[in-house]
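Here are my notes on the model you asked me to look over. They are meant to be read with the coordinates open.

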Amino acid sequence: MKKTHFSEWGIESPRYWGILAVLGAIIAIAGVAVFYMEHSGHWVTGMTNQVVWGLPHVFAIFLIVAASGALNVASIGTAFDKKVYQPLGRLSALLAIALLAGGLAVLVLDLGQPGRLLIAMTHYNFKSIFAWNIYLYTGFFAIVAAYIWFMMDHRMKAWYKPTGIFAFVWRLLLTTGTGSIFGFLVARQGYDAAILAPMFVIMSFAYGLAAYLLVLMFVFKVDGREIGGVLLRRMKNLLGVFVAAVLYFTLVYHLANLYGTENHAYEAFILRDGGIYTLLFWGGWVLVGCLIPLGIIYHPGMGATRGGIIAASTLVILGGLATVYVIVIGGQVFPMAMFPGKTIVASGFFDGVNGQPMLYSPSLPEILLGVGGVAVVLLLTFIGIRMLRFLPTTLSDEVADPHYSKS
Amino acid sequence: MSKVKHQGRREFLKTSAAAAAVTVAPGVMLHTLSAEAAPRTEAVTDKVRWGMLIDANKCADGCNDCVSACDKENGLDLVDMPEGADQGLWERQRPRWIRQVKLKDNLSGKITNLPMMCQHCEMPPCVDVCPTGASFRRADGIVMVDRHTCIGCRYCMMACPYKARSFIHAEVAEKLTHAPRGKGCVESCNLCVHRLDNGDTTTACQDACKHQAIVFGDLSDPESAVSQALKNYPSVQIRADLKLNTGVRYSNI
Amino acid sequence: MTRKSVIMFLAASVVGLLFSLTSVQAGEAVEGTAKADKLEQCVEPTAVMRRNHFEFIKHQRDLTVHNGIRSNKHSLSGCVDCHARKDASGKAVPVNAEGQFCSGCHDYAAVSLDCFSCHRTVPGEK
């Protein structure tokens, strides 16, 4: 295994600026959407007093979850001493920061009072998992920034491993915190489950790695850099394990719910009668997000090809969005069980009359805001790799594979 | 000095509660009392805990009096639909503090009517989850939102087991002096806190209920009408399994 | 038609147009119609109020929201009650309307005036 050299993203200027311009335009459109929503009020969105968190939260939570997962690649190199992953660490940490920034931007811009962000920074309620998350997020930025520094600066080598381990522990806490936003909600049947926290952690492994693979393959491809088959194979196998774990947690979550009669109505809603939510669960979460990617990854032919890996990663991300949608929106549209043993036959506030779910359809500005968040992630990442040496000059087997032997 | 004052207040509450218990038309009776009441000068304490008992048997099918009284009292009727909004969507976005709910028992088919609002929990989930502490429980048991520090994240709405809260989805042109309201904050029933702070002892919904289904008062005072009623009749908390110790109780559900 | 009468006509139409434009808006505030206009000073000396009114209001705000104290003299509704002027028809003019007591000064000092995105801008309904 040779020493890895790093260099800035070297694509020609017009192309680089062209990519930036496209992303900038998407962000500008999202900005207009945000201004429109904030200026008018949330009545221009599909969100209501029943479905209080909508599509922006789906995007925000997906990106935040993926952020901590994207750091995994670096953690495997540092915390678990897998040398083959170490050259991948810098981009992994950068992408983690970018994903978190994009997710938080979406989350913050959807607040009813985004101008009062300072209050969120100065008034804390320490019983709120949300308030802890503010620390977990800002801490993540600081720790991962230091981590990148220690990866890049050889004088700080002594700090590299401890910081990497610390960052790994922190990212586990962070995703546990994100999952607990829902897991700690006793009010709603779809939430109030401790398993949501570890499930979010495993989801983050899968989504973060899928996002990392796509970004890595794209920036290497357009820059003419080489990624060896060995490394890709290892990562896609890892993705397979993570996706299988997501499927396993999904199974346990629903089996646990199915066992208790109290949750049968909720399970019937998600698994059978929920219309779009049932479709998104089986079609998005299970099929697109788990089964098809698993099929591709472990298919002897397709799994070995770059196209197969790109397809699997893309599907994991699309399925992941569907997963978060089912959790966030599906959990809210299902009527709250306020009166066990009774059916609400009339209500002045949409309490789920005759068990009917709440209505929600995302509006265009919400979609634009979410997509804008994704554009922010890519913009930050591309600027980062252009400015500093994040990318290994090559990841060919000869360089990356410790067991490489010329044959 | 403060002790004397406190006692005076306590006495006042007792007499007014007793008056409420005997009067036939509580609204009329109690408004005469409020004429002599003055705004509060000392901080509320936990010696009082406001709460109510709602008798679902007395709550009449099709009656909406408490809802319209609440809307009027708290300026909710001044919240206009924004121009260009979709009527159906807006109905789900407009704020409501109290609502009528009609239930049918799955086994017997028995119909029950009751008003639902913030249950003023002793352990409110909305207060637990609020990141800034804007959602808070006042010493006298009223759960409310300090909209000066509310950032509009709606996590409290996710956490409330009673769906009691509303987010203000649009600019509000006209508001009442005692009921400020603005786009982007969350709010909910505050037991007509402006009335209580000005020495009044009833809520608008209670006054409006001609069936006297609502008894409101101090749960900490064993002599109050509401405490007596709770002592003498069986009652339940909605979602008692959550052990939130609600300030609003129901009988005959 | 002489040139003079043309000029007179144009001038009259401009004045008329301006008049109609202003009268369409919710009445011009009449000076001296606010309670405060007739008083020597506010609840504190004028210099103190100018410098500290926001501190007073903020302090009172926390006392009212969290402690239920509504008897204090530093209340925002007190400001509105006293400082809102009336228009010619006797209708109250919002204190945050252009040039009125609150916004007149806040606009000049370029300080945002946040109270009235939620609070009532004219004296109480009672």
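The points below go from chain contacts to the shared sheet, then to a helix pair and to chain B.

1. Status. This is a predicted model. Please read every point below with that in mind.

2. Which chains touch. Two pairs of chains are in contact, and chains A and B share the most contacts. Chain A and chain C are not joined by any contact. The closest C-alpha atoms of chains A and C lie 11 Å apart.

3. The A–B contact. Here 39 residues of chain A meet 47 residues of chain B. On the chain A side, three elements give two or more residues each: α5 (117-122), α6 (129-152) and β2 (342-347). Of these, β2(A) supplies the largest share, six residues. The make-up of the chain A side is 21 nonpolar, 14 polar and four charged residues.

4. The B–C contact. Chain B puts in 19 residues and chain C puts in 15 residues. The chain B side splits into six nonpolar, five polar and eight charged residues. When you check this contact, look at those eight charged residues of chain B.

5. A sheet across two chains. How are the strands ordered in the open sheet? The order is β2(A)-β2(B)-β3(B), three strands with antiparallel pairing. The edges are β2 of chain A and β3 (111-117) of chain B, each paired on one side only. Ignoring direction, neighbouring strands of this sheet are turned by 35° against each other on average.

6. The pairing between chains. Strand β2(A) is joined to β2 (residues 98-105) of chain B by five bridges, and the two run antiparallel. For a register check, start at A:I344, which stands opposite B:L103 of β2(B). Recall that β2(A) also gives six residues to the chain A side of the A–B contact.

7. The pairing within chain B. Strands β2(B) and β3(B) are antiparallel and share seven bridges. The register can be read from B:Q100, which stands opposite B:P115 in β3(B). A helix lies on this sheet: α3 (residues 65-73) of chain B packs there and touches both β2 and β3 of chain B. The direction of α3(B) makes about 160° with that of β2(B).

8. A helix pair in chain A. Helices α2 (residues 55-70) and α4 (residues 89-109) of chain A pack with their axes 7 Å apart, at an angle of about 160°. Parallel or antiparallel? Angles over 145 degrees count as roughly antiparallel, and α2(A) and α4(A) are therefore roughly antiparallel to each other. The crossing of α2(A) past α4(A) is left-handed.

9. What fills that helix contact. From α2(A), the residues include A:F59, A:L63 and A:I64. From α4(A), they include A:L95, A:L99, A:G102 and A:G103. By class, this contact has 15 nonpolar and four polar residues, and no charged ones.

10. Chain B overall. The secondary structure of chain B amounts to nine helices and nine strands. Of the 253 residues in chain B, 53% are buried. Among chain B contacts with a separation of 6 or more, 66% come from residues 24 or more positions apart.

11. Where to look again. I would revisit two places. One is the strand pairing of β2(A) with β2(B), five bridges between two chains. The other is the contact of α2(A) with α4(A), which has no charged residues.

Technical notes:
Residues are numbered from 1 along each chain as its sequence is written. Chains are lettered from A and ligands numbered from 1 in the order in which they are written. This is a predicted model: local features need pLDDT of at least 70, side-chain atom pairs count only at pLDDT 80 or more; totals for chains, interfaces and linings use all residues. Two residues are in contact if their C-beta atoms, placed from the backbone, lie within 7 Å. Ala, Val, Leu, Ile, Met, Phe, Trp, Tyr, Cys and Pro count as nonpolar, Asp, Glu, Lys and Arg as charged, and the others, Gly among them, as polar. Helices (H or I, at least four residues) and strands (E, at least two) are DSSP runs, numbered from the N terminus. Two strands pair if DSSP finds at least two bridges between them. Axes are lines fitted to C-alpha atoms, for helices over the stretch in contact, and angles run from 0 to 180 degrees between N-to-C directions. Angles under 35 degrees count as roughly parallel, over 145 as roughly antiparallel, 65 to 115 as roughly perpendicular and the rest as oblique. A crossing is left-handed if the near helix is turned anticlockwise from the far one by less than a right angle, and right-handed if clockwise. A residue is buried if 20 or more other C-beta atoms lie within 10 Å of its own, exposed if 12 or fewer, and partly exposed in between; C-beta atoms are placed from the backbone.
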